[in-house]
Amino acid sequence: MNQKMKTEVYSARRDLLIKKISQSKGIKDFVIVLLGGFEDHWYDFRQESSFYYLSGIEEPGSLLCIKSDGSTSLFIPQYPEVRSMWVSGVVLPAKKGSDEALRLGLDEVVYLGDAWSSFSATLLFNEAAYKNIIIALKEYVLAGQDICVAMDPSSLYVSQNIILPEIKKIVDIENSIDISMLIHEMRKTKSVEEISFLHEAIRITAASHEAVASMIAPGVIEYELQSCIESIFLYLGASGPAFPSVVATGKNSTILHYTSRKSVIRDGDVVLVDIGAMYGRYAADVSRTYPASGLFTDRQAEIYNLVLQAQKYIEDHIRPGMFLYNQAEPDKSLHHLAFKFFEYHGCAQYFTHKIGHFLGLDVHDVGDTTKPLQEGDVITIEPGIYLQSEGIGVRIEDDYVVVEDGFVC
């Protein structure tokens, strides 16, 4: 399967966003300014998700301007030619800019100001490096256009909340329209193409679970299981893990995001494995809890079966019109229904996280949990009980597509 959407998909998304801005904000002449992520020498680069959703462009340090007439300009750093010797996937040199714009489904690619002295686009910001962006934005402002930006306070990408405000200061943009929630609304409900990527990510994750289950035994070290999981991800075509793999034995299983992975599995332990492959930039998230010795003890089985019953109970309530988490509508909120289930069984205090989250380009994907679920939403359901004093942590998690009459798992 091709791990990339066609350029027409990104173009259609941009057109839809323009329409939504015009309708919801009551403006007609505007420019959308989207800033991509920046590189870090110590980690694989991962493009800011909303930027990628609307462009499909992986180039770091990029800025995309989308005018209300649909025209698009991509501004990228003018790296020295040696960049192509160090990293892959770079945009072609400036002399081929028109060809590159056509390939990316854009109107123009503009290279920024003076050539960078470094071959990578780091978080260091200076006015000279972004000279062409500043000139372009000033032209837009002088033309009397409204500036629309995504300033999501919950974003994990510093480009959105640190670099873009600096650009706005230099350009002297006092006011701008935050379109974060409009983009989130679009990203929340998945297309058929997106669901196919998610399905492949989940398939690869399930295969990794199957393989690692056969390895679990007393004496095995957690990182040995991790190496099996992540090598299978790569072997089956995933780009890697969507988040740090959780492989936790014994008391470690009660730590929700345990990532040390240095403990030795002991006889009688439970082993919690929470993993997700990333395929085509879309993330899976599947958790299982295994008995180290092949069979649960009576107490472990009691907790496991209770968590499994909770999952099945919540599955019976997944459908359009329900909520993932909505305190104002507890009888229709999947989280509150799960809490009541555990409360009835006397263990709600050990259910220490929400019942699930949206899934997509980010493993904890964007979306308003207080709005009703609708067809095409992709969510996780992950009930769990964590008994620290007994060293028993049990979580069962699967991924669901909301459909007209319920869900597809």
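This note goes through aromatic pairs, charges over rings, nonpolar cores and one buried glutamate in a predicted model.

1. **Aromatic pairs.** Eight aromatic pairs turn up in a search of the whole structure. One of them joins Phe 341 and Phe 342. Their ring centres are 5.6 Å apart and their planes meet at 80 degrees, so this pair is edge-to-face. A pair of rings is described by the distance of the centres and the angle of the planes.

2. **Burial of Phe 341 and Phe 342.** Phe 341 has a relative accessible area of 13% and is buried. Phe 342 is buried too, at 0%. The cut-off for burial is under 20%, so both values qualify.

3. **Tyr 400 and Phe 407.** Here the ring centres lie 5.1 Å apart, with the planes at 80 degrees. Planes over 60 degrees apart count as edge-to-face, so this pair falls in that class. What is the burial state of each partner? Tyr 400 is buried, with a relative accessible area of 0%. Phe 407 is partly exposed, at 28%.

4. **Aromatic cluster.** Phe 341 and Phe 342 also belong to an aromatic cluster. Its other members are Tyr 313 and Phe 351.

5. **Charges over rings.** Which charged residues sit over tyrosine rings? Arg 281 lies over the face of Tyr 52, at 4.8 Å from the ring centre. Lys 354 places its charged end over the ring of Tyr 325, 4.6 Å from the centre.

6. **Largest nonpolar core.** This core has 62 residues. Leu 17, Ile 21, Ile 32, Leu 34, Leu 74 and Ile 179 have the most contacts inside it. Take Ile 21 as an example. Leaving out residues up to four places away in sequence, Ile 21 touches Gly 26, Ile 27, Phe 30, Ile 32, Cys 148, Ile 179 and Leu 182. Two of these contacts, Ile 32 and Ile 179, are also on the list of residues with the most contacts in the core.

7. **Another core.** Apart from the largest core lies another, of 29 residues. Ile 303, Ala 338, Phe 342 and Phe 351 are among them. Phe 342 and Phe 351 thus link back to point 4, as members of the aromatic cluster.

8. **Glu 200.** Where does Glu 200 lie? Glu 200 is in helix H8, which covers residues 192-213. Is this residue buried or exposed? Glu 200 is buried, with a relative accessible area of 14%. Phe 243 is 43 residues away from Glu 200 along the chain. The C-alpha atoms of the two are separated by 16 Å.

Terms used: Residues numbered from 1 in each chain as written. Predicted model: local features only at pLDDT ≥ 70, side-chain atom pairs only at ≥ 80, totals over all residues. Heavy atoms only, no water. Phe/Tyr/Trp six-rings, centres within 6.5 Å; stacked < 30°, edge-to-face > 60°. Buried < 20%, exposed > 50% of the residue type's maximum accessible area, 1.4 Å probe, protein only. Lys NZ or Arg CZ within 6 Å of the ring centre and 35° of its normal. Core = buried A, V, L, I, M, F, W, Y, C linked by side-chain atoms within 4.5 Å. Contact = heavy atoms within 4.5 Å. Helix = DSSP H or I, 4+ residues; strand = E, 2+ residues; numbered from the N terminus.
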